[in-house]
Amino acid sequence: MMNVSKCSKCSKVPDDILMLTCSHDLCLLCAAKSFSMQQPKRSKKFFVCDICSSNTELDANSVYELEKLHLTTALQDRSNRKPGQQSKSNLSIDKQVKPRSQTRQDNKENAKEKSIKYTNQTMEARVSIHQSQRKMSKQQSENSFIQHPRGFCADHPEEEVSYYCFDCNSKCICPECIIHGIHKNHEVKTIKKSYPIARKLLEDQLELNNQCILQVENQRQDLEKKQIQQQAIQDHLKLQIAQEFQILHQLLNNKQSELLEKVDNLPTIMEQQEGYINRLNEVEIKVQNFNEKINDMIDSKDECGLLNYYGSIYGQTTPQLPPLPNIKEVQLSNQIFSQINDVKKLLGGMDIDCNQ
């Protein structure tokens with residue numbers, strides 16, 4: 001069995017001990033008395049050892065525990081001196097001093113409220129605050145340590161835990177587990193020595209986690225910026241494509257109007273045939289008039305007049321039919337459709353690569 005820490009001043013074995021940097025352990029009662037006597041002259045952050053006069057920096061929780069214990073002891077002493085007011089003083093102690101478990105609960109609730117506030121800050125500010133808090137807490141824990149109730153061993157319920165095994169990394173163990181249990185010949189350290197090691201490992205892991213969170217945040221912000229840029233590029237491409245095709249549609253409409261106007265202005269087959277028909281009608285009218293004159297002379301039975309008329313038209317020929325016009329309908333169609341095919345080839349040759 002291992003020796004249990006005793007108070008360097010009263011030599012008692014207390015439940016809670018204040019461990020100083022000078023290796024002198026004091027029970028909380030002795031520490032509270034000495035601490036109360038030092039306050040008018042010194043800062044609350046430091047505790048002066050009554051044995052070697054060394055300074056130990058205390059954290060806020062240690063200061064609170066010592067002041068609370070001193071106040072409780074003082075009120076109890078006062079009530080013992082006045083028996084008639086004992087019940088009244090006890091009530092005032094209960095009102096002024098909270099139970100230790102309630103203090104821990106209050107500390108936990110305060111920590112939760114602080115963590116909720118920190119989440120509303122930026123990621124860099126949160127990491128900076130966590131780092132400063134860990135640094136301050138680490139410095140305070142190295143200078144002072146109040147031992148809290150540690151509980152009893154799971155394998156040996158009658159023994160209080162006082163060691164930690166770094167080979168198994170299980171829960172805290174008792175001396176029996178080291179001497180006769182499965183942790184024999186393992187890397188085992190006392191809880192006081194194991195605490196800063198495990199705390200440092202957890203702080204390192206917390207640092208790695210915070211760095212991972214920062215990397216995730218930075219990558220997320222970069223991706224969001226790229227998404228915004230990509231969306232802007234896509235919107236610009238859509239607008240440019242719409243504008244270009246609007247111009248292309250206008251050019252196609254202009255070309256269509258131009259070709260239709262050409263077709264309307266060029267002589268058509270119908271127009272050429274109509275002119276030829278008009279000339280045929282003129283020839284027919286002349287021939288009919290000629291025939292009517294001949295029939296009239298024959299029907300008159302005027303011998304002298306018939307001879308005279310015959311003499312006047314002697315040598316005249318029947319009106320000839322006009323020649324057919326040279327209609328180049330094939331060449332005209334080829335000219336029009338040649339331009340249309342050029343437009344089709346231009347559109348068919350468009351190869352748009354979105355990756356360029």
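Is Phe166 buried or exposed in this predicted model? Phe166 is buried, with a relative accessible area of 15%, and the first view below shows the ring that pairs with the ring of Phe166.

**View A. The aromatic pair of Tyr164 and Phe166.** Three aromatic pairs are counted in the model, and in one of them the ring centres of Tyr164 and Phe166 lie 5.1 Å apart with their planes at 80°, so the pair is classed as edge-to-face, for which the planes must be over 60 degrees apart. Tyr164 has a relative accessibility of 18% and therefore counts as buried, the cut-off being under 20%, and Phe166, at 15%, is likewise buried.

**View B. The hairpin of strands S1 and S2.** Strand S1 covers residues 17-20 and runs antiparallel to strand S2, residues 25-27, with three bridges joining the two. Across this pairing, Leu18 of S1 has Leu26 of S2 standing opposite. Four residues lie between the strands, and in this hairpin Ser23 adopts a positive phi near 75°. In a regular strand, side chains point alternately to the two faces of the sheet. In S1, Ile17 and Met19 belong to one side while Leu18 and Leu20 belong to the other, and as all four are buried, both faces of the strand are covered.

**View C. A nonpolar surface patch that includes Leu237.** The side chains of Ile233, Leu237, Ile241 and Phe245 make up a nonpolar patch on the surface, and together these residues contribute about 350 Å² of accessible area. Leu237, one of the four, is found in helix H7, which comprises residues 191-265. With a relative accessible area of 42%, Leu237 is partly exposed, because this value falls between the 20% limit for buried and the 50% limit for exposed residues.

**View D. Helix H8 and the annotated coiled-coil region.** An unreviewed UniProt entry lists residues 273-300 as "coiled-coil region"; in the model this span is 100% helix and 0% strand, and the C-alpha atoms at the ends of the span lie 41 Å apart. Helix H8, residues 269-300, contains Ile277, which is partly exposed with a relative accessible area of 40%. Although Ile277 and Leu324 are separated by 47 residues in sequence, their C-alpha atoms are 10.0 Å apart in space.

How values were computed. Residues numbered from 1 in each chain as written. Predicted model: local features only at pLDDT ≥ 70, side-chain atom pairs only at ≥ 80, totals over all residues. Heavy atoms only, no water. UniProt positions renumbered as here; feature names shortened; annotations may be inferred. Patch = residues over 30% accessible without salt bridge, like charges linked within 9 Å, V, L, I, M, F, W, Y side chains within 5 Å. Areas by Shrake-Rupley, 256 points an atom, 1.4 Å probe, with all protein chains shown as cover. Buried < 20%, exposed > 50% of the residue type's maximum accessible area, 1.4 Å probe, protein only. Pairing = 2+ DSSP bridges. Phe/Tyr/Trp six-rings, centres within 6.5 Å; stacked < 30°, edge-to-face > 60°.
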